[in-house]
Amino acid sequence: MKFKSQKVAYWFFAACMVLLTLQIVYGFIMGFARIGLDGLHDFIPFNTARAVHTNLLVVWLLTGFMGAAYFIIPEESDRELASVPLAYVQLISLLVVGVVAIVGFHFNWWEGRKFLEIPRQLDYLVVINVLLFLGNIGWTIWNGRQHTTTSLVLYFGLFCAALLYLPGMIDFENQTTDSFFRWWVVHLWVEGVWELIMGGILGFLLIKLTGIDREVIEKWLYVIVGFTFLSGILGTGHHYYYIGAPKYWLMIGGIFSMLEPLAFLGMAIYAIVMFRKSGRQHPNKMAIQWSVGCALMSFVGAGFLGAAHTLPQVNMWTHGTLITAMHGHLAFWGAYAMLVLAIIAYAMPLMTGRKLWNTNSATFAFWSSNIGMVGMTAAMAVAGVTQVVLERRSGMDFLAVQREIQMHFIGVLCAATLFALGIAFFIYNFFAHGLPTDEALEAAPE
Ligand code: HEM
Ligand code: HEM
Ligand SMILES: [Fe+2]
């Protein structure tokens, strides 16, 4: 039997669906602006759309991680959540802060540091919010009837993510030092502690979906995750090449960031092998597809496409071009968006009792969104390479080059439509499940 308090997760996941939709809307606004259809410019200029798009991404992923934790931790700790009302207070306050920040961006109330645009005053509210979350989850684990490696890795990841939010809140006069510590948040999140969160959630899914012994899954998975984590720490150097930081970062950043893809590859192979070995076939095929897909696509987007521009000799040409956007899209999609969609696909039938796992719309959602995202990435890659050659190698004017690459954004928009269609079906499927019930959770299998 499962726990009634796991229902909290549903509302976090529902919020994810809304925020993801908004993120895509702002993606389209930018895509159209890129081909010259910029009618909204006076209200939503490109830089505003960009900040809203990326911040919404971070907020919906964090909301998804929190939902995942509210679902996983009671089960792993074998007890109800410490406080259900606190979880709802935390969700509502998180959404209020998010909405205020997003509205503020439209009135130029922001910090102007990519990914960390949220104004300082709101940062403090974010900190309080996250402390409430960590307290609630931590209390549940502390008083749990069992302490599993999976729950501890997940908690440690969430805890470190909160801790690493703080370097972004220090005031610096100097651009280089500001940039230096901005990467402690941005890089050490996605290539460091978020990978622990990924390990925890993926570990939970592998245990449930393959039926293989927890000991086997946990032992190797966490060795791999540990390796990713360690290579990622010094891998931060790949952002210190030409920003005014000491020269030794060229060497350190190049070598250690080149080790990161190996860990992602290890994770992908491991997940696939575990599913192939799994004795009993779990009926929720969609959750299996999203989980394996996540392990695989995170290697392609983060590992492979990250390696493509991580050496200083390459990065000196590609830095800050559409090559970065190409990698940013598939890496975030593969590693973290697919992870959140995987846990949602797994949890929804259990919380609602409706087994909508192998419907045509669920299958279509998976393939259409993935093919669309790969298409977007490819179109951005072509635009990015063209940009590097024309602007950086031939010395053509920045804006003249932007006009040259305009047509590639028609490709981006076509692929984005396919992607958005897939997501629309995922969201349709989500709400078709209906609301979570106590009866469904009580009847859910182990
Ligand atoms: C899931 C993991 C990852 C995610 C979500 C991710 C995402 C991103 C994003 C969004 C940026 C742009 C950041 C900014 O300019 O503020 C970026 C930059 C970068 N990433 Fe990743 N990344 C991941 C893993 C990796 C890995 C494993 C490598 C190397 C093998 C890598 C190499 C790079 C490099 C070199 C840049 C700098 C690009 C530039 O100079 O403009 N990334 N990444
Ligand atoms: C309809 C779908 C989408 C469209 C049309 C779209 C379009 C765009 C555009 C045009 C940019 C700005 C690139 C530039 O600077 O010129 C951007 C940035 C970005 N988008 Fe999207 N996007 C979409 C969905 C997504 C999704 C689902 C994710 C994550 C899973 C994502 C992650 C990002 C990231 C991380 C950046 C910043 C990249 C960087 O730092 O260079 N986008 N997007
Ligand atoms: Fe990085």
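When I say a residue is part of the shell around a ligand, I mean that its C-beta atom, placed from the backbone, lies within 6 Å of that molecule. With that in hand, hello everyone, and please keep in mind that what we are looking at is a predicted model.

Let's start with ligand 2. Which helix gives the most to the shell around ligand 2? It is α11, with seven residues. The shell has 20 residues in total, and the closest to the ligand are Gly27, Met30, Gly31, Gly328 and Ala416. If you want to find the helices on your screen, α1 (8-34), α2 (46-77), α11 (322-352) and α14 (408-432) each supply at least two residues of this shell. For those of you thinking about chemistry, the shell around ligand 2 divides into 11 nonpolar, seven polar and two charged residues.

Now over to ligand 1. Here 26 residues surround the ligand, and the closest are Ala302, Gly306, Gly328, Ala331 and Ala335. The elements giving two or more residues to this shell are α6, α8 (248-277), α9 and α11. Once again α11 comes up: it provides the largest share of the shell around ligand 1, six residues. By class, the shell around ligand 1 has nine nonpolar, 14 polar and three charged residues. And Gly328, you may have noticed, is named among the closest residues for ligand 1 and also for ligand 2.

How do the ligands sit relative to the domains? The domain assignment gives us domain 1 (1-120), domain 2 (148-282) and domain 3 (289-446). The shell around ligand 2 draws at least three residues from each of domain 1 and domain 3. For ligand 1, the shell draws at least three residues from each of domain 2 and domain 3. So much for the ligands.

Let me stay with domain 1 and domain 3 for a moment. Their centres, taken over C-alpha atoms, are separated by 17 Å. The contact between them takes 25 residues from domain 1 and 24 residues from domain 3. On the domain 1 side, α1 and α2 each supply at least two residues. Which of the helices gives the most to that side? That would be α1, with 12 residues. The residues on the domain 1 side divide into 15 nonpolar, six polar and four charged.

On to helix packing, with three pairs to show you. First up are α1 and helix α3 (residues 84-105), which pack at an angle of about 10 degrees, with their axes 10 Å apart. Angles under 35 degrees count as roughly parallel, and α1 and α3 are therefore roughly parallel to each other. Val8, Trp11, Phe12 and Ala15 of α1 make the contact with Val84, Ala87, Tyr88, Leu91 and Leu95 of α3. Sorted by class, that contact has nine nonpolar, no polar and no charged residues.

Next come α2 and helix α4 (residues 120-142). Their axes come within 9 Å and cross at roughly 15 degrees, so α2 and α4 are roughly parallel to each other as well. The crossing of this pair is left-handed. On the α2 side you will find Met66, Ala69, Ile73, Pro74 and Ser77, and they meet Phe133, Ile137, Thr140 and Ile141 in α4. The residues of this contact divide into seven nonpolar, two polar and no charged.

My last pair is helix α6 (residues 175-210) with helix α9 (residues 285-307). They pack at an angle of about 140 degrees, and their axes are 11 Å apart. That angle makes α6 oblique to α9. The crossing of α6 and α9 is left-handed. From α6 the contact uses Leu202, Leu205, Leu206 and Leu209, and from α9 it uses Ala287, Ile288, Ser291, Cys294 and Ala295. By class, this contact has eight nonpolar, one polar and no charged residues.

If you take one thing back to the bench, make it α11, the helix that gives the most to the shell around ligand 2 and the largest share of the shell around ligand 1. Thanks for listening!

Technical notes. Residues numbered from 1 in each chain as written. Chains lettered and ligands numbered in written order. Predicted model: local features only at pLDDT ≥ 70, side-chain atom pairs only at ≥ 80, totals over all residues. Axes fitted to C-alpha atoms, helices over the stretch in contact; angles between N-to-C directions. Helix = DSSP H or I, 4+ residues; strand = E, 2+ residues; numbered from the N terminus. Parallel < 35°, antiparallel > 145°, perpendicular 65-115°, else oblique. Left-handed = near helix turned anticlockwise from the far one by under 90°. Contact = placed C-beta atoms within 7 Å. Nonpolar A, V, L, I, M, F, W, Y, C, P; charged D, E, K, R; others polar. Domains from an automatic or database assignment.
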